[in-house]
Amino acid sequence: MNLLKNYINVLYWIAMAGLLFWFAYSKGWIFANFESIDAKQAIYLLENDDNVTLLDVRTIQEYKSGHLRDATLIPVQALSKNLGMLKQDKNKKIIVYCRTGSRSVSASRILEENGFTPLNVKGGIIQLMGANAELVK
């Protein structure tokens, strides 16, 4: 009986470690070969750097409800198949945002693996709105 308890304890801690690892990976805190920036940095770059472009990886419905001016929409689920839409931006930094910053981590990983230079916006459009970014419909 004691052996079974020890076995269950070990499995519990392995599961907890796995969840912690997954969470940190999904947030881009570990194994991220790209930079994450906050909303104010993103707005500053958009206003002052000609060598950046903007990618919205939310759904079409989310995009239609309000997005940053000049943002290219490629939902994260379709990004791998539509990288050709960004070929003119291969030598630019690509500011990537979603709603909260989770899908943009996934998108940034895809972009980085394909030779792009993504800048993930931490907190997504929610933080961008909080930093007074102008949205268009």
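When I call a residue buried today, I mean that its relative accessible area is under 20%. Keep that cut-off in mind, everyone, and thanks for coming along. One more thing before we start: what you have in front of you is a predicted model.

Let me begin with a helix, α4, which runs over residues 103–113. Which of its residues are buried? The list reads S104, V105, A107, S108, R109, I110 and L111. And what do those buried residues pack against? Their partners are α1, at residues 2–26, together with three strands: β2 at 52–56, β5 at 93–97 and β6 at 117–121. If you follow the chain just past the end of α4, you come to G115, where phi is positive, at about 85°.

Now let's step back to the whole chain. There are five helices and seven strands, and if you read along the sequence they come in the order α-β-α-β-α-β-β-β-α-β-α-β. On overall dimensions, a compact globule of 137 residues would have a radius of gyration near 14 Å, whereas this chain comes out at 18 Å. Along the principal axes, the C-alpha atoms fill a box of roughly 65 × 30 × 25 Å.

How much of the chain is buried? Of the 137 residues, 38% are. As for contacts, if we take those with a separation of 6 or more, 67% are between residues 24 or more positions apart. The accessible surface amounts to about 8600 Å², with 57% of that belonging to carbon and sulfur atoms. And for those of you who like charges, there are 16 positive and 12 negative side chains, with the centres of the two sets 9 Å apart.

On to the inside. In soluble globular proteins, nonpolar side chains tend to be buried together. Here, the largest nonpolar core has 18 residues, and the ones with the most contacts inside it are I95, Y97, V121 and L128. Which elements give two or more residues to this core? They are α2 (39–48), β2, β5, β6 and α5 (124–130). The biggest giver is α2, with four residues.

Let's zoom in on V121. Setting aside residues up to four places away in sequence, V121 touches I37, A39, A42, I95, V96, Y97, G101, S104 and L128. You may recognise S104 there as one of the buried residues of α4. There is also another core, apart from the largest one, with 14 residues, among them I74, V96, C98 and F116.

A39 was on V121's list, so let's look at the picture from that side, because A39 counts as buried at 6% relative accessibility. This residue lies in helix α2. Leaving out neighbours within four places in sequence, A39 is in contact with V121, Q127, L128 and A131. Q127 is 88 residues away from A39 along the chain, yet their C-alpha atoms are separated by 5.8 Å.

Next, a pair of residues that touch each other, V52 and K93. V52 lies in strand β2, and K93 in strand β5. Is each of them buried or exposed? V52, at 10% relative accessibility, counts as buried, while K93 is partly exposed, because its relative accessible area is 29%. Beyond residues up to four places away in sequence, V52 touches L45, L46, K92, K93 and I95. With the same neighbours left out, K93 touches D49, N51, V52, T53, T117 and L119. The C-alpha atoms of K93 and D49, 44 residues apart along the chain, are separated by 9.6 Å. For V52 and K64, 12 residues apart along the chain, that separation is 22 Å.

Last stop, the backbone. Where do we find a positive phi in a residue other than glycine? One place is D70, with phi near 70°, in the loop between β3 (67–68) and β4 (72–73). D70 is exposed, with a relative accessible area of 68%. Another is N132, again with phi near 70°, in the loop between α5 and β7 (135–136). N132 is exposed too, at 70% relative accessible area.

So that's the tour. If you take one picture away, take the 18-residue core, with I95, Y97, V121 and L128 among its members. Happy to talk it over with coffee!

Technical notes: Residues are numbered from 1 along each chain as its sequence is written. This is a predicted model: local features need pLDDT of at least 70, side-chain atom pairs count only at pLDDT 80 or more; totals for chains, interfaces and linings use all residues. Side-chain values use heavy atoms; hydrogens and water are left out. Buried means under 20% relative accessible area, exposed over 50%, partly exposed in between (1.4 Å probe, protein chains only). Contact means heavy atoms within 4.5 Å. The radius of gyration is taken over C-alpha atoms; the globule rule is 2.2 Å times the number of residues to the power 0.38. Accessible areas come from the Shrake-Rupley method with a 1.4 Å probe; for residues, only the protein chains shown count as cover. Lys and Arg count as positive and Asp and Glu as negative; His and the chain ends are not counted. The place of a charge is taken as NZ of Lys, CZ of Arg, CG of Asp or CD of Glu. A nonpolar core is a set of buried Ala, Val, Leu, Ile, Met, Phe, Trp, Tyr and Cys residues joined through side-chain atoms within 4.5 Å.
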